[in-house]
Amino acid sequence: MIIKPMIRNNICLNAHPEGCRKEVRLQAARVMNFRERLSKSSINDSSAKPNHALIIGCSTGYGLASRLVAAFGYGAETVGFSYEKEPSATKPATPGWYANKEFDRLAQEKGLFAASFSQIDAFSHTAKQKAIEIALENKFKYDLVIYSLASSVRVDPDTGVLYRSVIKPIGRQYAGRTIDIFTEKFSEASVQPATEEEITQTIKVMGGEDWQLWIDALKKKDLLAPEALTLAYSYIGPPFSWPIYRDGTIGQAKLHLEETAKLLEKNYGKDNGLRSFVSINKAVVTRASAVIPIIPLYISTLFKVMKERNIHEDCLDQMMRLFSERLYQKRGTGIPTDEEGRIRIDDLEMGPSVQNEISSRLARIDESNLHELADVKGFRSDFLRAHGFDVPGVDYERDIVSFE
Ligand SMILES: NC(=O)c1ccc[n+]([C@@H]2O[C@H](COP(=O)([O-])OP(=O)(O)OC[C@H]3O[C@@H](n4cnc5c(N)ncnc54)[C@H](O)[C@@H]3O)[C@@H](O)[C@H]2O)c1
């Protein structure tokens, strides 16, 4: 069977097995080059590094990039959790299912321990129990725990109640221009304000409650190494996106993550204890990026401006910089943060000159000057690659005989 992308309303409904695997191999190769550069550089010393990393949300986007950097950049043994669909006789799996398998294969090739779970709900007690069992069986403690979940639903593990997250403004309607990244047609999107119940539910799904449950569970079994590091990822973005993002339902959940980071450090930070941070990352294209109004247009313009200035970064570039220039510099060097205690790796995106240029372009962008002002092709390519399409070196005319 020849597999072509099936796209509906900026959502890709299928994946290309070989493309997904190849994409992971290409990313791992980039990380190995980075490792070479790192070993020659004087910025880092080898004693500051992760040894046993737990990645919650490991199969795509920022979680996969973090895991690749921890394993192939620093030689860490990794345990990863994700929620992906397996293939059926008639349908390929979701992209992360292939990514996990390829990651495990590459890790095995390098003699690195890796355990990947593609179908255990990270919000469940079972997932925490599994992470505990693996550490006990293999006699290690986690020194890095990365929380990189993006989910629209969560079942509370104690009550069984299902909560849903929504991306909505708070207090008033949001209206903004958006673009279909495949037809390149502009349209006005409007989103009604969230109800109190929707705000509460979004915080329940995307806030810090589950992150805290993970850390509590590991701490209770004494499975966090001295000075272990835990991070959750967040985004701030430019003020014009705040009504739908930072000041909206997701922003409330992200504030809760920030409060949780402080709480975790308060609870477990004393005497050589846990260090806990929210890292504010840059806007990149992942599976869900295209569905938030304004975001595809903003990211496409951001890509164009950053590429013109040779400062463009994708997920992997971000994570290589996060690890080498924030988390693991020379031993004894603190982790740089902003005044709120957050790690900022969105610094290049948020620079005033980049932001001014984007604002000026967005004020005049339309269908006639789209390619001159924005990199829609780059957005589209990253989006397709996240589903295994448009990956260099893959023969897309080749018959796929198995979806495994
Ligand atoms: N994409 C961006 O531009 C961007 C920017 C800054 C910060 N972030 C943040 O980074 C984090 C990760 O986002 P992403 O864009 O990489 O998302 P993504 O969709 O690529 O990855 C989400 C991961 O969560 C896993 N997952 C979802 N539900 C799960 C469940 N119930 N159990 C186990 N695993 C589950 C998926 O399998 C996947 O591995 C989010 O907190 C997001 O807000 C994203």
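Helix α13 spans residues 376–385. Its buried residues are Val376, Phe379, Arg380, Phe383, Leu384 and Arg385. The cover over these residues includes β2 (11–12), α1 (17–40), α8 (295–308) and α12 (370–373). The model is a predicted one.

**α13 and α8**

One of the covering elements is α8. The axes of α8 and α13 come within 8 Å and cross at roughly 110 degrees. Angles of 65 to 115 degrees count as roughly perpendicular. The two helices, α8 and α13, are therefore roughly perpendicular to each other. The crossing of α8 past α13 is right-handed. From α8, the contact draws on Pro296, Ile299, Ser300 and Phe303. From α13, it draws on Val376, Gly378 and Phe379. By type, the residues of this α8 and α13 contact are five nonpolar, two polar and no charged. Val376 and Phe379 thus appear twice in the picture: they are buried residues of α13, and they meet α8.

**α1 and its partner α9**

α1 also helps to cover the buried residues of α13. Another neighbour of α1 is helix α9, residues 315–327. The axes of α1 and α9 come within 11 Å and cross at roughly 30 degrees. That angle makes α1 roughly parallel to α9. Their crossing is right-handed. On the α1 side, the contact residues are Gln27, Arg30, Val31, Phe34 and Leu38. On the α9 side, they are Leu316, Met320 and Ser324. This contact of α1 with α9 divides into five nonpolar, two polar and one charged residue.

The two pairs side by side:

| Helix pair | Axis approach | Crossing angle |
|---|---|---|
| α8 and α13 | within 8 Å | roughly 110 degrees |
| α1 and α9 | within 11 Å | roughly 30 degrees |

**Ser39 in α1**

Helix α1 also holds Ser39. Is Ser39 buried or exposed? Ser39 is exposed, because it has 9 other C-beta atoms within 10 Å, and 12 or fewer counts as exposed. Ser39 and Tyr74 lie 35 residues apart in sequence. Their C-alpha atoms are 9.9 Å apart in space.

**The whole chain**

The protein chain has 13 helices and 13 strands. Of its 404 residues, 46% count as buried. Its C-alpha atoms fill a box of roughly 60 × 50 × 50 Å along the principal axes. The radius of gyration is 21 Å, which agrees with the value near 22 Å for a compact globule of 404 residues. Among contacts with a separation of 6 or more, 77% join residues 24 or more positions apart.

How values were computed. Residues numbered from 1 in each chain as written. Predicted model: local features only at pLDDT ≥ 70, side-chain atom pairs only at ≥ 80, totals over all residues. Buried ≥ 20, exposed ≤ 12 C-beta atoms within 10 Å, placed from the backbone. Helix = DSSP H or I, 4+ residues; strand = E, 2+ residues; numbered from the N terminus. Contact = placed C-beta atoms within 7 Å. Rg over C-alpha atoms; globule rule 2.2 N^0.38 Å. Axes fitted to C-alpha atoms, helices over the stretch in contact; angles between N-to-C directions. Parallel < 35°, antiparallel > 145°, perpendicular 65-115°, else oblique. Left-handed = near helix turned anticlockwise from the far one by under 90°. Nonpolar A, V, L, I, M, F, W, Y, C, P; charged D, E, K, R; others polar.
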